[in-house]
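Hi,

Here is the structure I said I would pass on to you. Have a look at it first, and then read my notes underneath.

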Amino acid sequence: MAQILLTPSQRKDHRAEAHHLDAVVMVGSDGLTDAVKKEIDAALKAHGLIKVRVQSDDRTGREAMFQALADELNAAPIQHIGKLLVFWRPKPDKEKKINEDRMPGPRDVKVLKNSSRYGQRPEVKTLRVLGNQRLTPGGTVKRAKKPRLQSVKKRAQD
């Protein structure tokens with residue numbers, strides 16, 4: 001796979017974003033194994049911008065590893081400074097699963113209630129109404145009414 005090419009200004013922006021990040025994956029003395037590549041790929045899918053720490057003291061080996069990872073994982077090489085390697089790849093869009101059986105969640109409703117003492121300002125109260133509740137015209141919370149069962153005949157008439 002070919003690596004992602006970025007302009008110098010885009011690379012600069014990603015370097016600035018990666019400054020405060022900690023290393024997500026560490027490459028040990030075994031070097032670049034399939035398990036390490038799989039972890040780096042999973043981290044790129046989850047985070048997009050990651051740092052990888054390499055324990056090797058060989059600078060040319062780290063540079064070769066930097067380019068090899070960028071090519072294999074289709075990622076943009078952002079920075080190689082010391083033993084840290086920074087990669088970026090755009091995060092894939094997640095598909096939202098829509099559950100048809102899901103009930104509505106809680107919602108906060110502001111209710112204006114007249115004071116019990118006359119001549120006082122009305123009070124604004126915030127009430128939490130759950131999915132199985134309803135708000136009455138008087139401003140109280142009650143359970144929602146269950147739908148009435150209809151016979152087969154009446155349903156056919158509608």
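Below is what turned up when I went through it. Keep in mind that this is a predicted model.

Let's start with the aromatic rings. Searching the whole structure gives one aromatic pair. The partners are Phe-66 and Phe-87, with ring centres 5.3 Å apart and 45° between the planes, so the pair counts as tilted. Phe-66 belongs to helix H3 (residues 59–72) and Phe-87 to strand E4 (residues 84–88), so the pair ties together parts that are 21 residues apart in sequence. Are these two buried or exposed? Phe-66 has a relative accessible area of 6%, which makes it buried, and Phe-87 is buried as well, at 1%.

Phe-87 also takes you to the largest nonpolar core. That core has 17 residues, and Phe-87 is among the members that touch the most others, along with Ile-40, Leu-44, Ile-50 and Val-52. Which elements give two or more residues to this core? They are strand E1 (25–27), helix H2 (34–47), strand E2 (49–54), H3 and E4. If you want one residue to click on here, try Leu-44: beyond its neighbours within four places in sequence, Leu-44 is in contact with Ile-50, Leu-73, Ala-75, Phe-87, Trp-88, Arg-89 and Lys-91. Another core, of seven residues, lies apart from the 17-residue one, and its members include Leu-6, Ala-76, Ile-78 and Trp-88.

Next, have a look at His-80, which is in strand E3 (residues 76–81). His-80 has a relative accessibility of 14%, so it counts as buried, the cut-off being under 20%. What does its side chain reach? There is a polar contact with the side chain of Glu-63, at 2.8 Å, and the His-80 side chain also reaches the backbone oxygen of Gly-82 at 3.3 Å. Leaving out residues up to four places away in sequence, His-80 touches Arg-59, Arg-62, Glu-63, Phe-66 and Leu-85. Phe-66, one of the residues on that list, is the helix H3 partner in the aromatic pair.

Last stop: Lys-125, in strand E6 (residues 123–129). Lys-125 is partly exposed, with a relative accessibility of 37%. Its C-alpha atom is 5.2 Å from that of Val-111, although the two residues are 14 apart along the chain. Val-111 is also among the residues that Lys-125 touches, together with Val-109, Lys-110 and Lys-113, again not counting residues up to four places away in sequence.

Cheers

Technical notes: Residues are numbered from 1 along each chain as its sequence is written. This is a predicted model: local features need pLDDT of at least 70, side-chain atom pairs count only at pLDDT 80 or more; totals for chains, interfaces and linings use all residues. Side-chain values use heavy atoms; hydrogens and water are left out. Rings of Phe, Tyr and Trp (its six-membered ring) pair if their centres lie within 6.5 Å; planes under 30 degrees apart count as stacked, over 60 as edge-to-face and the rest as tilted. Helices (H or I, at least four residues) and strands (E, at least two) are DSSP runs, numbered from the N terminus. Buried means under 20% relative accessible area, exposed over 50%, partly exposed in between (1.4 Å probe, protein chains only). A polar contact is a pair of N or O atoms within 3.5 Å; within protein, one must be able to donate a hydrogen and the other to accept it, and residues adjacent in sequence count only if both atoms are side-chain atoms. Contact means heavy atoms within 4.5 Å. A nonpolar core is a set of buried Ala, Val, Leu, Ile, Met, Phe, Trp, Tyr and Cys residues joined through side-chain atoms within 4.5 Å.
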